[in-house]
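Student: I have a structure open and would like to understand the words used for it. Could you take me through some of them?

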Amino acid sequence: MSDRKHTTHIVIDRELIVYLRERSTIWQCRYCIDRQWQRTSTKEYDLAKAKKVAKELYLEAQWRKKNDIAPITRYFKDVAKSVVKKLKEENASGNGKAIYKDYIAIITNYLIPALGKYYVDSIDYRALEELEKYRKNKLKAEPTRSTLLTHNAALSKVLDEAIYKGYLLASRKPELKVKGKKSERRTEFTRVEATAIKANFDEWIQKGKADSKDVRALLKDYVITLLDTGARPGRELLELTWAQVELDKEVVNRKTGMRAELSEDDQHGEEITHNFIRKTLIFNIQKGKTGKRIAVGRLPSVYALNDIAQRNHNKTLEQMIKSGSNELVFTYREYVSKRQNNPNRKPQLVSPTSFSKLFDEYLKQHNLLISPITNKKRVLYSLRHTYATLALTHDKVSIHTLAKQMGTSVAMIEQHYSHLDAVKAMAQLRGEESRQLLDLALDEDDKKRYAYIDKESKSKTKKI
């Protein structure tokens, strides 16, 4: 048997030990409770004092055990930081969930600042009230029920970690209740408003300055794809690569609308005498809120991505998809002025972090920012609700199919769109009606209502 290190001292045989860690001068102690060894610091540099503190900690642990309290505990902030580290590691390995990113932000920005000073086994209703006050002050508003549910899930992660490590007894885990206000459904666009959004983009792009035209064109393609797929604005599309997009082609009989086969005489390209080729995009979304999923894009998405491929790569959509490129789809070419232009410099492709402000500007300039019905501001997320509304009311998509397409639950669809009396009959996601409605021309009154607002000419008129 090897000799015991001089940095290790037995205080009580098989019960209590004090020791030094490598590169540390503070004595640690290890004691056994219910055949499980617990570790903590004595916070002492002197051995004699460390032994005395270790005995006190051991006796306190025995008392805590008898009174149904965890024999050893840690500060909430220390346990929370270890949870954040684990979540980051799982995300980095590819085994994490999309929601982990939200948990990390909540733990870092809300839970640690509000509860970090508490021992994890002393989180009681008073501490939770303090968290509630801190949250309200930081949000500057009453949190919704949905927000609180996510916060509680993050807090539960920390408490469960404390239970696993023996810092908190399961019986003493506080009950997490939700009292938040009911979340409100974001205001969608009407069919006419959605048509106006699509119809006015080209003129708006041309009116932009040279350094903004490409990003405006990308916004148009992004908006059309959101409106066509119901995807969540943000990472679902902005982090999509060409390798994650598939193109499906099927031959359809013009008269019956059914699948058909091309004869050798009929293969003249996209348009055929009796048949036509219908193209559908399949988006393999990797970073959705609820995890990975497949979403279907119809002809508007095909046109949008084809425009991006031609602008950025001088290739067709099919060529880009076949290339299997890992480059991001939604990018725009940076503007290089004549002064900056040199033969050795190639414009880089830029990935936008957010389109929120630019979309606000576009809506404001076309009298579409505020809903005349609810008097609420519309945002990019409103396009998702517009998609769902049109799919349920015009394309007659079943809520089960729609839930899979949008990466949400049937319950959430029923909760937010029950006012539409959604038709339950099963239908395909390739619905044609809403797409045709969006492509209808605006009447003269609607053209005037949503026409581009030229701020400069308005200000000049006022001066005169």
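Student: What makes the crossing of α8 and α13 right-handed?

Tutor: Happy to explain! α8 passes α13 in a right-handed crossing, because the near helix is turned clockwise from the far one by less than a right angle (anticlockwise would be left-handed). This is a predicted model, where local features need pLDDT of at least 70, side-chain atom pairs count only at pLDDT 80 or more, and totals for chains, interfaces and linings use all residues. Residues are numbered from 1 along each chain as its sequence is written, and side-chain values use heavy atoms, leaving out hydrogens and water.

Student: How do you know which residues make the contact between α8 and α13?

Tutor: Contact means heavy atoms within 4.5 Å. V223, L226, L227, D228 and T229 of α8 meet L383, T386 and Y387 of α13. By class, five of these residues are nonpolar, two polar and one charged.

Student: Why is C29 called buried?

Tutor: Buried means under 20% relative accessible area (exposed is over 50%, partly exposed in between; 1.4 Å probe, protein chains only). C29 has 0%, so C29 is buried. C32 has 13%, so C32 is buried too. Across the chain, buried residues make up 43% of the 464 residues.

Student: How many disulfides are there by the distance rule?

Tutor: The count is zero. A disulfide here is a pair of cysteine sulfur atoms within 2.5 Å, so no pair in this model meets that rule.

Methods. Helix = DSSP H or I, 4+ residues; strand = E, 2+ residues; numbered from the N terminus. Nonpolar A, V, L, I, M, F, W, Y, C, P; charged D, E, K, R; others polar.
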